[in-house]
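Me: Hi! Could you walk me through this structure?
Reply: Happy to, let's have a look at it together.

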Number of protein chains: 2
Amino acid sequence: MAITINDIAKKAGVSLATVSRVLNKSPHVSDTARRKVEQAIREFNYIPSAYARGLSRNQSNIIGVIVPEITNPFFSEVITGITEIGDKHNLNALFFNTDESIDKERRALRILQEYRVRGLIITPVTGENRYDREYIQLFENLNIPIVLVDRDIRNSDFTGVYFDDYAALFKPTSLLIENGHKDIVLFTGNPDHIVSKRRLEGYCDAFSAHQMAYNPKNLIPCDFSMESSYNLTRKLILDHNLPTAFIGMTNMLSLGCLKALYEFGISIPDEVAFVGYDRLDVQDVFNMHLTLVEKDAKEMGRKATELLYDKIMGKKTSTRTILTPQMFIRGSERFPSSDPNLRIF
Amino acid sequence: MAITINDIAKKAGVSLATVSRVLNKSPHVSDTARRKVEQAIREFNYIPSAYARGLSRNQSNIIGVIVPEITNPFFSEVITGITEIGDKHNLNALFFNTDESIDKERRALRILQEYRVRGLIITPVTGENRYDREYIQLFENLNIPIVLVDRDIRNSDFTGVYFDDYAALFKPTSLLIENGHKDIVLFTGNPDHIVSKRRLEGYCDAFSAHQMAYNPKNLIPCDFSMESSYNLTRKLILDHNLPTAFIGMTNMLSLGCLKALYEFGISIPDEVAFVGYDRLDVQDVFNMHLTLVEKDAKEMGRKATELLYDKIMGKKTSTRTILTPQMFIRGSERFPSSDPNLRIF
DNA sequence: TTGAAAGCGCTAACAT
DNA sequence: ATGTTAGCGCTTTCAA
């Protein structure tokens, strides 16, 4: 059995209450007592039990973090932001990866409850029937502070941190239009998804704002995987239905699209233009001159954690925090053949 | 205050011992009792406290996982492997990211001890004085099963899962030599690092095996960052000291090197050849015909977790498990100008 | 099959 | 400033 507070008390010749005080940095301890206790702790290599402490305090200093896809660089960046701020406030994060499975999400929530976590930062899975009253209940029943990240839960009023999805599509779509594009393909993901909706609105409004109509055929539903946009882009190529520009609505959708273009040797922007939403590793590594509307994932993690901390501390916080992604114009948006010398790949 | 086992017992009209038995799936409970208890649990939405349970059992079903760099795709893949097997054995993982900081590593270990974790999977930070007796003690003092991942701790005999680093460099170096290369630059990382050492040996032995001598100038020490290999490659280019081939010894070192080559428009393999060790996202996405010796990170995570589970269950396990990375020859290894049509970028 | 009761290691209220 | 003591919510003997 491990060393307990009792052993320390005995060794130091004080009561266990005094040891507890030293442990919790109470000021009401004499220097002599403190020294003796600290000495004993060191000697015995004593480490307090989180369980005993948690039980008697009936709370932890753990926060739950649930992400849908840890291998997505966006989320691993978010996580670094979360731990950065978590460390600062002495909150440990218990991570769960759901792989977009609602089942895994449920299990994660269950475990977090068992651990009586102080709060929860979550990007909920995307899925059909996730907007039921029942789904929202799941979270409300937790009865702990919650901060949503990047994905909203419809009809709920949880605190959340989001990017301005409307602007994120409005800006690049406008840019493309102003470069002469009319035929702009957008892989929409599931268009019923709330995030998709805002982005779609941005796309459509950009056309209206320029007194133009978009071609509904260019809005292509898909799931959110790289696989999906890869196959759809391939199909467009094989059917000779290439537009003059693509918009990648997420990093995964962008990658799939780029992969297909690259595979067929279709160069950007000589033959087709491309702009994407969300940072892309390939851009970071190769400076491929891809025009991107970039999200600062780490900042999102930081912000979410600060908000959660405030809520835990009982502060009132705003319901929605909107971060503005910035557009970096690098060349890939140009109209085909407008500059045959600029070749991204 | 939350619902406790007592509330359930009262509601169900049984003793708390019976409730506990139901919770723990003990067979010695009558069907009637079980039904009543389960009913009460559902009604009250009762969730047992991990703290109370942990305290009375004096152990958890948590394993600690410490990685040095969660944004490195290699480690996020490892993590998915770990959770996959962890789920299977009902082990929850408490993750920590050290950012290669020994200080953060220490803090993580401390917290894991507070939580009385059942075992630990760790990739220790790289660092100068990490081979001291004192460092090893740190881990031995934990007194729990430990599995090392990808990085050894010298002079220790912890169980670990590694890739065959020797072969990982021997094979591609030989390949390059057989393609006519003599002037092969290798960024070695810290050559005192045990992992680097094995890889270096592979490089050197490949030359001996072909009755050739390598040029010591081509072994370039650096730290393990992308930044580092980027700058060094840049320097070689600017100094007109380009070799005929580069070997990327890690994914980060590869990326830095590729970035510099791309930036200067130096094409592979027309002007210089390249082979790397470890998978590269750019290859996955763009099929860039990069010849790589690829590690299966997910498999490594799985294997490590299985080993840890065995150790927790008291089984004897082998000390070192060596996974063999596979070499995929895709074209980037060819001797410059041997095929001017093959242009990777 | 069930229940009573001790105890896991700590905190916090109270007393001194 | 320090000690005593009563829990915190559960598991686990032991007895019935």
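**How the two chains relate**

Reply: In this predicted model, chain B is superposed on chain A by a rotation of 180° with 0.1 Å of shift along its axis, at an RMSD of 0.1 Å (a least-squares fit on the C-alpha atoms of residues with pLDDT of at least 70 in both copies). That is the relation of a two-fold axis.

Me: Which C-alpha of chain B is nearest the axis?
Reply: That of B:Tyr51, 2.2 Å from the axis.

Me: Any ground rules for the numbers?
Reply: Residues are numbered from 1 along each chain as its sequence is written, and chains are lettered from A in the order in which they are written. Local features need pLDDT of at least 70, side-chain atom pairs count only at pLDDT 80 or more, totals for chains, interfaces and linings use all residues, and side-chain values use heavy atoms, without hydrogens and water.

Me: New topic: how is chain A divided?
Reply: Into domain 1 (5-48), domain 2 (62-163 + 297-324) and domain 3 (165-296); the bounds come from an automatic or database domain assignment.

Me: How far apart are the C-alpha centres of domain 2 and domain 3 of chain A?
Reply: They lie 28 Å apart. The contact (heavy atoms within 4.5 Å) takes 18 residues from domain 2 of chain A and 16 residues from domain 3 of chain A.

Me: And how many salt bridges are there between those two domains?
Reply: The count is 2, where a salt bridge is a side-chain nitrogen of Lys or Arg within 4 Å of a carboxyl oxygen of Asp or Glu.
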